[in-house]
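The following note sets out several points on the model for a colleague's consideration. Please read it alongside the sequence and coordinates.

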Amino acid sequence: SRPARGSSGKMAAPMSSGSRGPEPGAAPYGNFPNYSRFHPPEGRVSLLPQGLLRSLFPAAARPLLGLDVGCNSGELSVALYQHLLGLQDSDSSPEPPGAGKELKLLCCDIDPELIRRAQQSSPFPASISFASLDIMDSGAREPFLSSYLERFGRSSFDIGFCMSVTMWIHLNHGDRGLLEFLALLASLCTFLLVEPQPWKCYRAAARRLRRLGRADFEHFRSLRINGDMAASITRILTQDCAMELVCSFGSTSWDRSLLLFKSTSAAADG
């Protein structure tokens, strides 16, 4: 089912579920409680080719390690996992034997309530780990990611996912924060799949806050990195972060491109 859209075809602001839910749009980090109803996971994973993992990692040691930053309540993480491993999308099927040997996915989000929901509903608890983490807090991030990687004797992730997260980092941490965030992901991941929000989404997010009588995003009016965000993020990753653009997988129905980058750094774990 397609997400609810306003008359303009734009994404409707998530509505609260029940009286105790938050105001629509009152999610300063993009931590909407019903996000997947508005942007269903299949709208993204259907753009990714079958067999992508095998084509990217024909001979790499298994399990491959994946990092999903800003996973919300986990529906997209699970859909990505199923798609990458070629699993059937069936709620009734238990975790298939051997799937965890292929791919382990670490998913983090700033919102502990969304993470709790993800943990409760995950059909693959042995292979997908959900954790509450502010990725921009280096004091929390570094020991947490290091300890996860060390369990597998690894120093980096094979593939990272950053799906409609860059805008929230940018609005809350400014241009410098976005540059730091992209450099971090590039240093952590051999491949990186990014879905940047276009600039019109920044304006819509700022409008939502104003409608609610909230203070504007601290950095919104001072952002020098603006306009074509897919082009800006591509430029930052390729010029400043030792990555190359491998492929653009077209656009979702809500006008966001999926961009796949690869590290050109010799230090990346292959």
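1. The model is a predicted one. Lys262 belongs to strand S7, which spans residues 257–263. With a relative accessible area of 33%, Lys262 is classed as partly exposed because this value falls between the 20% limit for buried and the 50% limit for exposed residues.

2. Beyond its neighbours within four places in sequence, Lys262 is in contact with Thr190, Phe191, Ala242, Met243, Glu244 and Val246. Cys189 is 73 residues apart from Lys262 in sequence, and the two C-alpha atoms are 8.2 Å apart in space.

3. The largest nonpolar core comprises 46 residues. Those with the most contacts inside this core are Ile135, Phe157, Leu171, Phe181, Tyr202 and Leu237. Helix H8 (residues 166–188) gives the most to the core, namely 11 residues. At least three residues of the core come from each of domain 1 (50–87 + 98–163) and domain 2 (172–262).

4. Which residues does Tyr202 contact, leaving aside its neighbours within four places in sequence? They are Thr166, Met167, His170, Leu171, Gln197, Phe220, Leu223 and Met229. Apart from the largest core lies another core, of 32 residues, including Leu105, Ile115, Phe161 and Leu193.

5. Helix H4 (residues 75–85) is mostly covered, as 10 of its 11 residues are buried. The buried residues of H4 include Leu76, Val78, Ala79, Leu80, Leu84 and Leu85, together with Ser77, Tyr81, Gln82 and His83. Gly86, just after H4, takes a positive phi of about 65°.

Methods:
Residues numbered from 1 in each chain as written. Predicted model: local features only at pLDDT ≥ 70, side-chain atom pairs only at ≥ 80, totals over all residues. Heavy atoms only, no water. Helix = DSSP H or I, 4+ residues; strand = E, 2+ residues; numbered from the N terminus. Buried < 20%, exposed > 50% of the residue type's maximum accessible area, 1.4 Å probe, protein only. Contact = heavy atoms within 4.5 Å. Core = buried A, V, L, I, M, F, W, Y, C linked by side-chain atoms within 4.5 Å. Domains from an automatic or database assignment.
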